[in-house]
Amino acid sequence: MQFVWVFEMQMWIGRFEVTNEEYLEMNPNHESGRFVSPKGSMAVSLEGKNHPVVGVNFAEAYRYARWLTEREREAGKLPEGWAYRLPSAAEAEAYIRAGTDAEYPWGDELPPVRGNYADDTLAAVFSDMPVIEGYRDGAICTAEVQESGENAWGLFGANGNVWETASRGPGDSHFGGWFGGAWDDWQPSRLRADARYGFRGDAHGMVNGFRLVLAPVAAPHE
């Protein structure tokens, strides 16, 4: 797992979304499954080891962060007073914007210039799925995390790929929303930098994933 030091936020942020391979270390029984289009025309696996884990809810993502923290502390790999955790809602929007105040993470115009959204590649396989016309990112559904589009802060998948869950505040156990858009999104409102998807915290959808941050412990976990 790679992290990028973001000076503007004074924390390490996961360069990529947590992958299937990484999540299976904690829960080897998890299955990200496969996507079948509304008309059942095809099925595409979401199980690739370097693809983002999906089908995880807020509580499971929160549990993973605590599990990883405990494992790395026992191995002597974490600095004193630091912990892996989910980003807060404000932190998630900040790294999606990556220092801009534009309408979309890449600017004020459509189509996107990066990120994994509903594109011509998806349409070529699932003709019954709505897509962003004239946009091509090369991924049918989820993309390998290193192919999911890099933003100005060196983070991949912060725009599209999967909706990333966040805590209400730094380090707490309260659900704070889903951020960043996903591979099946095409509506402009869902591509906005400030977009929050209407999933509840217990959602297990095929577009639900997460990334971690590494930051000083502000308060004990609840």
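Helices and strands are taken here as DSSP runs, numbered from the N terminus. The structure described is a predicted model.

Within this scheme, Asn161 is found in the loop between helix α4 (120–125) and strand β6. Asn161 counts as buried because its relative accessibility is 0%, the limit for burial being under 20%. Two polar contacts involve the side chain of this residue. One, of 3.0 Å, joins the side chains of Asn161 and Glu17; another, of 2.8 Å, links the side chain of Asn161 with that of Asn116. When residues up to four places away in sequence are not counted, Asn161 touches Glu17, Pro52, Asn116, Thr142, Ala143, Ser148, Gly181, Ala182 and Trp183. Glu17 and Asn116 thus appear both among the residues touched by Asn161 and as its side-chain polar partners.

A second loop residue, Ser88, is located between strand β5 and helix α3 (89–97). With a relative accessibility of 3%, Ser88 also counts as buried. Apart from neighbours within four places in sequence, Ser88 is in contact with Ala166, Ser167, Arg168, Gly169 and Pro170.

Helix α2 comprises 17 residues (58–74). At 1.5 Å a residue, α2 should span 24 Å, and the 25 Å separating its end C-alpha atoms agrees with this expectation. At the start of α2, a side-chain oxygen of Asn57 comes to within 3.2 Å of the backbone nitrogen of Ala59. Just after the helix, Gly76 adopts a positive phi of about 70 degrees.

The buried residues of α2 are Phe58, Glu60, Ala61, Tyr62, Tyr64, Ala65, Leu68, Thr69 and Glu72. An α-helix has 3.6 residues a turn, so residues three or four places apart point the same way. The buried set of α2 includes Ala61, Ala65, Leu68 and Glu72. The elements covering the buried residues of α2 include helix α1 (20–26) and the strands β5 (82–85), β6 (163–167) and β7 (175–179).

At the surface, Trp5, Phe7 and Trp12 make a nonpolar patch of about 340 Å². Of these residues, Trp5 lies in strand β1, which covers residues 3–6. Trp5 counts as partly exposed because its relative accessibility is 34%, a value that falls between the limits of 20% for buried and 50% for exposed residues.

Key: Residues are numbered from 1 along each chain as its sequence is written. This is a predicted model: local features need pLDDT of at least 70, side-chain atom pairs count only at pLDDT 80 or more; totals for chains, interfaces and linings use all residues. Side-chain values use heavy atoms; hydrogens and water are left out. Patches are made of residues with over 30% relative accessible area and no salt bridge: like charges are joined within 9 Å, nonpolar side chains (Val, Leu, Ile, Met, Phe, Trp, Tyr) within 5 Å. Accessible areas come from the Shrake-Rupley method with a 1.4 Å probe; for residues, only the protein chains shown count as cover. A salt bridge is a side-chain nitrogen of Lys or Arg within 4 Å of a carboxyl oxygen of Asp or Glu. Helices (H or I, at least four residues) and strands (E, at least two) are DSSP runs, numbered from the N terminus. Buried means under 20% relative accessible area, exposed over 50%, partly exposed in between (1.4 Å probe, protein chains only). The expected span of a helix is 1.5 Å times one less than its number of residues. Contact means heavy atoms within 4.5 Å. A polar contact is a pair of N or O atoms within 3.5 Å; within protein, one must be able to donate a hydrogen and the other to accept it, and residues adjacent in sequence count only if both atoms are side-chain atoms.
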